[in-house]
Amino acid sequence: ADAMACIRQAVVVTVWAQSIALVWGTADPVDYVDLKSGTYSRFDYGRGSSLPFVGQPWGMNNWAPQTNNYAGAGNLRSWWYHPEDRLLYGIRCTHMASPWIYDYGEFLLTPELGPRKSSWP
């Protein structure tokens with residue numbers, strides 16, 4: 001009897017959630033995806049330590065925004081994204097799974113507007 005009650009409760013909750021989603025207009029599962037979830041981390045304090053990837057499942061490389069330039073800054077060189085940064089250095093092709101693992105074979109696409117610059121910031 002307890003198993004049937006659990007199944008009944010699960011069905012009711014599922015139907016309720018789907019009906020709310022339809023009423024609010026969020027029937028597409030993509031509406032529930034937040035690429036920035038778990039990215040509010042720094043080297044000294046982590047809250048998820050993940051990166052906002054866009055790519056295919058089990059892909060070798062992924063695309064992500066690079067919002068700071070810690071290149072060559074020792075342990076900080078892996079921390080090239082934070083959701084509160086207000087600069088976009090470019091779109092990074094990365095093989096990195098987490099900021100705690102160094103990136104190998106990455107490259108950065110840096111679009112520019114205006115006259116050509118001869119130095120990196």
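Throughout these legends, a residue counts as buried when its relative accessible area is under 20%, as exposed when that area is over 50%, and as partly exposed in between. By that scale Glu106, at 34% relative accessibility, is partly exposed. Please keep in mind that the model shown is predicted.

**Figure 1. The whole chain, before we zoom in, has one helix and three strands.** Following the sequence from its start, you meet these elements in the order α-β-β-β. The helix α1 covers residues 2-24, strand β1 runs over 62-66 and strand β2 over 90-94, and strand β3 takes in residues 107-109. Of the 121 residues in the protein chain, 21% are buried. The chain exposes about 9,300 Å², and 61% of that area comes from carbon and sulfur atoms. Among contacts with a separation of 6 or more, 41% are between residues 24 or more positions apart.

**Figure 2. Here is the largest nonpolar core, built from five residues.** Its members are Leu51, Ala64, Trp80, Tyr81 and Met96. In soluble globular proteins, nonpolar side chains tend to be buried together. Trp80 is a good place to start looking: leaving aside neighbours within four places in sequence, its contacts include the core members Leu51, Ala64 and Met96. Trp80 also reaches beyond the core, with Pro65, Gln66, Thr67, Asn68, Arg92, Thr94 and Asp103 among its contacts.

**Figure 3. Trp63 and Phe107 meet edge-to-face in an aromatic pair.** How many aromatic pairs does a search of the whole structure find? The search finds one. Its ring centres are 5.9 Å apart, and the planes stand at 85 degrees to each other. Trp63 sits in strand β1 and Phe107 in strand β3, so the pair ties together parts that are 44 residues apart in sequence. Are these two rings buried or exposed? Each falls in between: Trp63 is partly exposed at a relative accessible area of 37%, and Phe107 is partly exposed at 42%.

**Figure 4. A nonpolar patch lies on the surface.** Both members of the aromatic pair, Trp63 and Phe107, belong to this patch. With them are Val33, Leu35, Val54, Leu88, Ile91 and Leu109, and together the patch residues have about 740 Å² of accessible area. Leu88 comes from the loop between β1 and β2. With a relative accessible area of 58%, Leu88 counts as exposed.

**Figure 5. Arg92 and Glu106 form a salt bridge.** The structure holds one such bridge, and the closest N and O atoms in it are 3.6 Å apart. Distant parts of the chain are linked here: Arg92 belongs to strand β2 and Glu106 to the loop between β2 and β3, 14 residues apart. The partners differ in their surroundings, as Arg92 is buried, with a relative accessible area of 8%, whereas Glu106 is partly exposed at 34%.

**Figure 6. Thr94 in strand β2 is shown with its contacts.** How much of this residue can be reached? Its relative accessible area is 0%, so Thr94 is buried. Not counting neighbours within four places in sequence, Thr94 is in contact with Phe53, Met60, Asn61, Asn62, Trp80, Asp103 and Glu106. You have already met two of these, Trp80 in the core and Glu106 in the salt bridge.

**Figure 7. Pro65 is a residue of strand β1.** Pro65 is partly exposed, at a relative accessible area of 25%. Leaving out residues up to four places away in sequence, Pro65 touches Pro52, Trp80, Tyr81, Leu88, Gly90 and Ile91. That list brings together core members Trp80 and Tyr81 and patch members Leu88 and Ile91. Phe53 is twelve residues away along the chain, with 8.4 Å between its C-alpha atom and that of Pro65.

**Figure 8. Tyr40 and His82 are in contact.** Tyr40 is found in the loop between α1 and β1, while His82 is in the loop between β1 and β2. Which of the two is buried, and which partly exposed? His82 is buried at 3% relative accessibility, and Tyr40 is partly exposed at 35%. Beyond His82, the contacts of Tyr40 include Arg47, Pro83 and Glu84. Those of His82 include Thr39, Ser41, Arg42, Thr67 and Asn68. From C-alpha to C-alpha, Tyr40 and Tyr81 are 9.0 Å apart, although 41 residues separate them in sequence.

Notes. Residues are numbered from 1 along each chain as its sequence is written. This is a predicted model: local features need pLDDT of at least 70, side-chain atom pairs count only at pLDDT 80 or more; totals for chains, interfaces and linings use all residues. Side-chain values use heavy atoms; hydrogens and water are left out. Patches are made of residues with over 30% relative accessible area and no salt bridge: like charges are joined within 9 Å, nonpolar side chains (Val, Leu, Ile, Met, Phe, Trp, Tyr) within 5 Å. Accessible areas come from the Shrake-Rupley method with a 1.4 Å probe; for residues, only the protein chains shown count as cover. A salt bridge is a side-chain nitrogen of Lys or Arg within 4 Å of a carboxyl oxygen of Asp or Glu. Helices (H or I, at least four residues) and strands (E, at least two) are DSSP runs, numbered from the N terminus. Buried means under 20% relative accessible area, exposed over 50%, partly exposed in between (1.4 Å probe, protein chains only). A nonpolar core is a set of buried Ala, Val, Leu, Ile, Met, Phe, Trp, Tyr and Cys residues joined through side-chain atoms within 4.5 Å. Contact means heavy atoms within 4.5 Å. Rings of Phe, Tyr and Trp (its six-membered ring) pair if their centres lie within 6.5 Å; planes under 30 degrees apart count as stacked, over 60 as edge-to-face and the rest as tilted.
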